Amino acid sequence: MKKFSEQKSNLEVVAKATDPKASRRLKTECKRNGPPDEYGVVDLKKTNWEKQIIRRGIKIFQRIIKDLGMDIKFCPNLKYFHIISKKEMRRKLQEKNPTNGYFNCHAYLLRDHSPWYFVHGLFHELAHFVSYYKLQITLGDNGQLQYRRLINGFADNQNPRLDFNGFDEAVTEMLAIKARQLFASSKLLSANQKKALLTNIGYHLHVAFVEELLMQKTNNQEELMALKNKVFKAYILGQREQLFKKLRLDANTIAALKKMTTAKTATHRAIAFLGWPVIIV
Ligand SMILES: [Zn+2]
């Protein structure tokens, strides 16, 4: 089993404690094993099918990263993927409406859905997994660990407004779509299940908004692919500002992306703010 310290990662952990010895221990631990599971969830035993799907997913994303000309290993093994029940999700992650989630290098996945839905959700969380992540962990004097997410892909979590959060979800889903297409040759899903996997898009309005933004830059398909790859690279490396410069986005567009939350209505607001005609998807 590979350790975190053995791989080039895009996960940055700032570990702090008042006592310098405890601080060093925490840093070493995070380097060796990655951040601990903040929620201390009780995992359901993964089925062989789930293990196969997760391994296949990791391989597909590693291939995408390689094809982008990068050398980043984002996850060493299956233990960072937690299959948990709705009850556990509600109890530990305090989700009123339990859905899959990704926090601090751990993916939390629900089992009780159809196979395509599991793959669909897993690939979205895998995309979050490969994005740049900056996390602060503080060991309190009471021995408790406190977690503060600072940057998550393009999202800036350092203020309560969660700037660029909707933009981050759009790019996450765009990367997931690319990976799901690569998964299409797999025999792990039936033809009907694959159709459902490929035709359903999460955050579809957000995705349409970002696609439109890129299409305004070029109407050449090859250039569009190259632009998308630039977006994915910046997402993986945490280079939001550099990307905006490369894409030559004006201040209004950046302001629209900054304010766009994950709510559906947020995309309509961003469209109205930029004075675009309505996007129909
Ligand atoms: Zn997401």
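**Exercise 1. The E5-E6 pair**

State how strand E5 and strand E6 pair, and over how many bridges.

*Solution.* In this predicted model, strand E5 covers residues 133-139 and strand E6 covers residues 145-152. They run antiparallel and share seven bridges. Take one position in E5: the bridge partner of Leu135 in E6 is Arg149.

**Exercise 2. The sheet and its edges**

Give the strand order of the sheet, then explain why strand E1 and strand E7 have one side without a neighbour.

*Solution.* Start with the order. The open sheet has four strands, arranged E1-E5-E6-E7, with mixed pairing. Next, look at the ends. Strand E1 (11-17) and strand E7 (155-156) are the edge strands. Each has a single partner strand, so one side of each has no neighbour in the sheet. Now add the helix. H1 packs on this sheet and touches E1 and E5. The directions of H1 and E1 make an angle of about 160 degrees.

**Exercise 3. Two residues, two environments**

Classify Thr47 and Ile64: is each buried or exposed?

*Solution.* Locate Thr47 first. Thr47 sits in the loop between helix H1 (20-33) and helix H2 (48-67). Count its neighbours: 11 C-beta atoms lie inside 10 Å. The exposed class takes 12 or fewer, so Thr47 is exposed. Thr47 and Asp168 are 121 residues apart in sequence, and their C-alpha atoms are 31 Å apart.

Turn to Ile64, in helix H2. Within 10 Å it has 20 other C-beta atoms. The buried class begins at 20, so Ile64 is buried. Beyond four places in sequence, Ile64 contacts Lys178 and Ala179. Ile64 and Phe232 are 168 residues apart along the chain, yet 9.7 Å separates their C-alpha atoms.

**Exercise 4. The core**

Which residues touch the most other members of the largest nonpolar core?

*Solution.* This core holds 64 residues, and the answer is Val171 and Ala179. Helix H4 (residues 115-130) supplies the largest share, nine residues. Follow Ala179 outward. Leaving aside neighbours within four places, its contacts are Ile60, Phe61, Ile64, Phe123, Leu126 and Ala127. In soluble globular proteins, nonpolar side chains tend to be buried together.

**Exercise 5. H4 against H6**

Describe how H4 and H6 cross, and what residue types make up their contact.

*Solution.* Begin with geometry. The axes of H4 and helix H6 (residues 191-199) come within 9 Å and cross at roughly 35 degrees. The crossing is right-handed. Then list the residues. H4 brings Pro115, Trp116, Val119 and His120; H6 brings Gln193, Ala196 and Leu197. Sort them by type: five are nonpolar, two polar and none charged.

Terms used. Residues are numbered from 1 along each chain as its sequence is written. This is a predicted model: local features need pLDDT of at least 70, side-chain atom pairs count only at pLDDT 80 or more; totals for chains, interfaces and linings use all residues. Helices (H or I, at least four residues) and strands (E, at least two) are DSSP runs, numbered from the N terminus. Two strands pair if DSSP finds at least two bridges between them. Two residues are in contact if their C-beta atoms, placed from the backbone, lie within 7 Å. Axes are lines fitted to C-alpha atoms, for helices over the stretch in contact, and angles run from 0 to 180 degrees between N-to-C directions. A nonpolar core is a set of buried Ala, Val, Leu, Ile, Met, Phe, Trp, Tyr and Cys residues joined through C-beta atoms within 7 Å. A crossing is left-handed if the near helix is turned anticlockwise from the far one by less than a right angle, and right-handed if clockwise. Ala, Val, Leu, Ile, Met, Phe, Trp, Tyr, Cys and Pro count as nonpolar, Asp, Glu, Lys and Arg as charged, and the others, Gly among them, as polar.
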